[in-house]
Amino acid sequence: MASTQTDPAAVPPPASPPAAPPSPRPALVAATLGFALITLDTSVVNVALPTIGAEWGTGMAGLQWVVDAYTLSFAALLLSTGALADRVGASRAFGAGAVVFTLASAGCGLAPGLPWLLAARAVQGVAAAVMLPASLALVREAYGDPGRRARAVALWAAGGTVAVALGPVAGGALTAAWSWRGVFFVNLPLGLLALVLLVRVPGSARRPAPMDVPGQVTAAVALGALTFAAIEGGPEGGAALAVAVAAFAAFLRIEARRSSPVVPLDLFRNRTVAVAVAAGAANSVAFYGTIFVFGLFFQQRLGLSALMAGLMFLPMTGLLAVVNVLSAKVAARYGARLPALVGQAVAVSGLLALLAVDEDTSLTAQALLLVPMSLGVGFSLPPLIAALMEAVPAERAGTAAGVLNAARQTAGALAVAVFGSLAARGFDLALPVSLLIGAGLLTLTTLASLRLPRAGR
């Protein structure tokens, strides 16, 4: 009888179970942490400025550049770093940006003088511009399901909101407990943690993406020269203004002729896009300009400590995350137009109410009077961003978001430049004029927001 025994070598090995997909959480946490670091550095240094000035004998112009060296390089390069992230892969772009940002933060904390600090701040801004679009791309890649992706993006955005809220308070606490250098050294463990998490994130695919180098260069020159003119003034400022005008004219000419411009000018033919970008810029002037000038006022005029000055901003920033969530719910039910209008109107009212603040106003009243402006900005921005995303085709969403973020950062940088120059002449002039500028711009964009589409249209 033939043997029924089977040769063991002929038996195929049992099939191994399919590998479980990688968890998306490391990508989300790393991206959120990176976004929070980027956002934190737009506001954390403000309360530390008087201490920096006192240590090095730095005047107002130098303190303005401490803020704007970061914000300008950040804003100018945001126009093209989304395409760069596509070309090299989001995970590689984020990792490179996080490494440079962490090293530049160490350079800021170790700076022996103002020139070194300004150079390191500019490098921080470059790294932040690379990290921002890459961080959002990481979240989008990690979550395939649209519903889970939407929740993940909301958490990513909340990280930036919390960082904005904590910025002035953290800056004041670190400066008081340690030194102004602490506001930069705090980035080191957070940056390293983001990099450790990134190791667990799958590598991103590279995608072809056109780069508009001439457009990017002329935009950066125009923004830098315009800010220099606002901060420095005098004959040098006049020459810088001429350079800014020439560079901007060249930028418009280049963008009109290129097949893949860094800023497609036809975007602004869309009424919703134009309104959202303008309103986003006006909100940044009001929010970041107010934090800058009042941070100086609290310490240089009222004589508050850095810690106390930071705590003065806690009521205005502490509710931002809650207001962001509330405005998103209102926009989902009534459309973007209503919360955009209400938020900006409240912000205008808050800025006008702050005109009553002087040295005799109680600290409690001053802290509370800052709240309406902040709540108005926090209520209007999310629906404006959502309206912008709905108004453009999917393939242009990244470009539109880059334009909006660049406009917001540029507006914040120019607000610091202009308001700081006013503060150098005295707070009796700086406070009312700064507040009226912010209120005037927001009034214009509130009226423009009447042209946003109504719900259901």
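## A look inside the helices, pockets and cores

The lining of the second largest pocket is made up of 28 nonpolar residues, one polar residue and no charged ones. Keep in mind that you're looking at a predicted model.

That second largest pocket holds about 710 Å³ of space. Its lining counts 29 residues, and nearest the centre you'll find Leu 223, Phe 248, Ala 406, Ala 407 and Thr 410. Several helices chip in: the elements giving two or more residues to this lining are α3, α9 (213–232), α10 (234–257), α11, α18 and α19 (427–449). The largest share comes from α18, with nine residues.

Helix α18 turns up again when we go to the enclosed spaces. How many cavities of 30 Å³ or more are there? The count comes to one. The largest cavity has about 70 Å³ of space in it. Its lining is Thr 42, Asn 46, Val 67, Thr 71, Tyr 288, Arg 408, Gln 409, Gly 412, Ala 413 and Val 416. Two elements, α3 (60–88) and α18 (397–423), each give two or more residues to that lining, and α18 gives the most, with five. By type, the cavity lining splits into four nonpolar, five polar and one charged residue.

Here are the two spaces side by side:

| Space | Volume | Given by α18 |
|---|---|---|
| Second largest pocket | about 710 Å³ | nine residues |
| Largest cavity | about 70 Å³ | five residues |

Now for the packed parts. In soluble globular proteins, nonpolar side chains tend to be buried together. In this model, the largest nonpolar core has 63 residues, and the ones touching the most other members are Leu 49, Leu 117, Phe 287, Phe 294, Phe 298 and Phe 313. Which helix gives the most to this core? That's α11 (residues 271–301), with 13 residues. Apart from this core lies another one, of 50 residues, including Phe 35, Ala 90, Ala 128 and Ala 152.

Let's zoom in on one of those well-connected members. If you skip residues up to four places away in sequence, Phe 287 touches Val 164, Met 316, Thr 317, Leu 320, Met 373, Ser 374 and Val 377.

Thr 290 also sits in helix α11. Is Thr 290 buried or exposed? Its relative accessible area is just 3%, so it counts as buried, the cut-off being under 20%. With residues up to four places away in sequence again left out, Thr 290 touches Val 285, Gly 295, Leu 351, Leu 354, Leu 370, Met 373 and Leu 435. Met 373 is a contact of Phe 287 and of Thr 290.

Over in helix α9 you'll find Gln 216. Gln 216 is buried too, because its relative accessible area is 8%. Leaving aside neighbours within four places in sequence, Gln 216 is in contact with Ala 76, Leu 77, Leu 79, Ser 80 and Val 262.

What about a whole helix? Take α4 (residues 90–109): at 1.5 Å a residue, its 20 residues should span 28 Å, and the C-alpha atoms at its ends are indeed 28 Å apart, so the two values agree. Of those 20 residues, 15 are buried, so α4 is largely enclosed by the rest of the structure.

Last stop: Gly 182, found in helix α7 (residues 182–185). Gly 182 counts as buried because its relative accessibility is 0%. Gly 172 is 10 residues away from Gly 182 along the chain, and their C-alpha atoms are separated by 10.0 Å.

How values were computed. Residues numbered from 1 in each chain as written. Predicted model: local features only at pLDDT ≥ 70, side-chain atom pairs only at ≥ 80, totals over all residues. Heavy atoms only, no water. Core = buried A, V, L, I, M, F, W, Y, C linked by side-chain atoms within 4.5 Å. Buried < 20%, exposed > 50% of the residue type's maximum accessible area, 1.4 Å probe, protein only. Helix = DSSP H or I, 4+ residues; strand = E, 2+ residues; numbered from the N terminus. Contact = heavy atoms within 4.5 Å. 1 Å grid on protein atoms, 1.4 Å probe; cavity = no way out; pocket = protein on both sides within 12 Å on 5 of 7 lines; lining within 4 Å. Points joined across faces, edges and corners; volume = space filled by probe spheres on them. Nonpolar A, V, L, I, M, F, W, Y, C, P; charged D, E, K, R; others polar. Expected span 1.5 Å × (residues − 1).
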